[in-house]
Amino acid sequence: MRQNTAIIDWPHVPVARIYGRLVRVTGLLLEAVGCDLGTGERCLVERRDGTMVEAEVVGFHRDTLCLMPVTPTDGLVPGARVQPLSGTAPAVIGSGLLGRVLDGCGEPIDGLGPLHKVRSLSGRIHTPNPLLRRPIDAPLDVGVRAINSLLTVGKGQRLGLFAGSGVGKSVLLGMMTRFTQADIVVVGLVGERGREVREFIEHSLGPEGRQRAVVVVAPADATALMRLRAMRLCHRIAAGFRDEGHDVLLLVDSLTRYAQAQREVALSLGEPPATRGYPPSAFTQLPSLVEQAGNGEGGQGSLTALYTVLVEGDDQNDPVADAARAILDGHIVLSRALAEQGHFPAIDVNASASRLAAQLVEPEDLAAMQRLRHLNARYQEVRELLPLGGYQPGQDAELDLAVQAQPAIAQFLRQGMNESQDYQASREALRQLMEQFNHG
């Protein structure tokens, strides 16, 4: 007698899924076994209630993987399932990103619904070959008179904005966001106070600036890995628009918070601290991040980057500030003394420098820049003596000229937060100012 046999449709038989398990949680670090994952790859860790925590592989010890969570880890239990995910964190690009606010994972958080008119970005950012990068040969109009005239920025340049707390850093960033002549602005608010996010978007950025901007947010209460992802996502989006031929301005606040997030990860992995509690890897990651900005290999697009650097106690020799100054193409220093005098933007022009200004401006403009710096430096020599009556005019003609020129120079360097002056007008204003004080 013939028996009925079931016919199995082999192509539709589900393939077994391999899970690992969680074996240890120490501080920020999760440890798992049984997963075939490499560094930088992702996984999901199951909570007691069945929800998942996304994590990323940041290291390993023999057969044990070291994971760093993207979201809070409450609800994890011993032996929790760990599900591998394929690839690195995804990213998208397209016109649908303009005007949107994203978190570090690229998910919209502005309540405007899902993203449309976007496409996926594959893989990591390709750092251009240094010999194939397009040279920086055109100035960028940032709309700020002091920067346009004395610290000229080139398309594709990378600068640092060095400032302590409460000296007008966010206001200057907002001015550059609104006034810079760029096709697209990518803003990264990484590790800053959550209260400042909405204020920056509504007041500093404004409705007009937001129309051409993409904002990526990872506030101070986000996990260290989320802050690192937000910084990487900013660069991926900006580089993607650059490679499409757009002139892109990347504003990141702040590079210091990125280094601090990298410090948290490295210390959790057992890396010994070196300089002021920062392990060596916190500094080795900075050049690889900054080199992703700048011009690409050919094409018409450009990527100009401005990174804010927080200086603790206004110490310009802070280790992160010192490392950033060495790898950037210039630095803009905000002075607390100027801010306390009501001088905004509080740019200390003598402490600031653009390494490309000399090759971007005409010789007469360069002479005017150097002349103003010289007069400003001579005035600083006697600034503290003036209220005390310790300065006697008539003994040094150059010094007398510097004191005479100071009110006009200070007025030239001041600018209202809603006032814009283009590049050509800034250069002409500088030449006219210095023509008044070209003797001495």
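## How helix 6 and helix 7 cross

Helix 6 and helix 7 make a right-handed crossing. In this predicted model, helix 6 covers residues 280-290 and helix 7 covers residues 319-327, and their axes come within 10 Å and cross at roughly 35°. Which residues make the contact? On the helix 6 side they are Phe283, Leu286, Pro287 and Val290, and helix 7 answers with Pro319, Val320, Ala323 and Ile327.

## The domain layout

The domain assignment splits the protein chain into domain 1 (20-85), domain 2 (92-358) and domain 3 (364-436). How far apart are the C-alpha centres of domain 1 and domain 3? They lie 59 Å from each other.

## The barrel

Now for the barrel: 6 strands close it, in the order 1-2-5-4-3-6, and the pairing is antiparallel. From one strand to the next, the twist averages 45°.

Strand 6 (residues 81-84) is a good place to look at the pairing. With strand 1 (residues 20-26), strand 6 pairs in the antiparallel sense over 2 bridges, and arginine 21 has arginine 81 of strand 6 as its bridge partner. Strand 3 also runs antiparallel to strand 6, with 3 bridges joining them. Here cysteine 43 is matched with proline 84 of strand 6.

Helix 4 (residues 224-243) lies across strand 3 (42-46), strand 4 (52-61) and strand 5 (64-69). Relative to strand 4, helix 4 runs at about 90°.

## Glutamate 31, tucked into strand 2

Glutamate 31 sits in strand 2, which spans residues 29-33. Is glutamate 31 buried or exposed? The relative accessible area of glutamate 31 is 17%, and the cut-off for buried is under 20%, so glutamate 31 counts as buried.

Who keeps glutamate 31 company? Setting aside neighbours within four places in sequence, glutamate 31 is in contact with Arg21, Leu22, Val23, Arg24, Thr64 and Leu65. Arg21 turns up here as a contact of glutamate 31, and arginine 21 is also the residue bridged to arginine 81 in strand 6.

## Strand 15, covered on both faces

Strand 15 (residues 247-253) is mostly covered, with 7 of its 7 residues buried. Side chains in a regular strand alternate between the two faces of the sheet. For strand 15, Asp247, Leu249, Leu251 and Asp253 are buried on one side, and Val248, Leu250 and Val252 are buried on the other.

Strand 15 has parallel partners too. Strand 13 (residues 184-190) pairs with strand 15 in the parallel sense over 6 bridges, and valine 187 has leucine 251 of strand 15 as its bridge partner. Strand 16 (residues 302-310) runs parallel to strand 15, and 6 bridges join them. Across that pairing, leucine 250 stands opposite alanine 305 of strand 16.

## Helix 2 and its cover

Helix 2 (residues 169-179) is mostly covered as well: 8 of its 11 residues are buried. They are Lys169, Leu172, Leu173, Gly174, Met175, Met176, Thr177 and Phe179. What covers them? The cover includes helix 1 (145-150), strand 12 (158-163), strand 13, helix 3 (194-210), strand 15 and strand 16.

## Arginine 212 in its loop

Arginine 212 is in the loop between helix 3 and strand 14 (213-218). Even so placed, arginine 212 counts as buried, at 17% relative accessibility. Not counting residues up to four places away in sequence, arginine 212 touches Leu98, Thr177, Arg178, Phe179, Thr180, Ala182, Asp183, Ile184 and Val185. Among these contacts, Thr177 and Phe179 are also buried residues of helix 2.

How far is arginine 212 from aspartate 183? In sequence they are 29 residues apart, and in space the C-alpha to C-alpha distance is 7.1 Å.

## The cysteines

How many disulfides are there? The count is 0. Cysteine 105 is in no disulfide, and the nearest cysteine sulfur, that of cysteine 234, is 13 Å away. Cysteine 234 is likewise in no disulfide, with the sulfur of cysteine 105 as its nearest, 13 Å away. A disulfide needs the two sulfur atoms within 2.5 Å, so a 13 Å separation doesn't qualify.

Both cysteines are buried: cysteine 105 has a relative accessible area of 19%, and cysteine 234 has one of 0%. The cut-off is under 20%, so the 19% of cysteine 105 still counts as buried.

Conventions:
Residues numbered from 1 in each chain as written. Predicted model: local features only at pLDDT ≥ 70, side-chain atom pairs only at ≥ 80, totals over all residues. Heavy atoms only, no water. Buried < 20%, exposed > 50% of the residue type's maximum accessible area, 1.4 Å probe, protein only. Pairing = 2+ DSSP bridges. Helix = DSSP H or I, 4+ residues; strand = E, 2+ residues; numbered from the N terminus. Axes fitted to C-alpha atoms, helices over the stretch in contact; angles between N-to-C directions. Contact = heavy atoms within 4.5 Å. Domains from an automatic or database assignment. Left-handed = near helix turned anticlockwise from the far one by under 90°.
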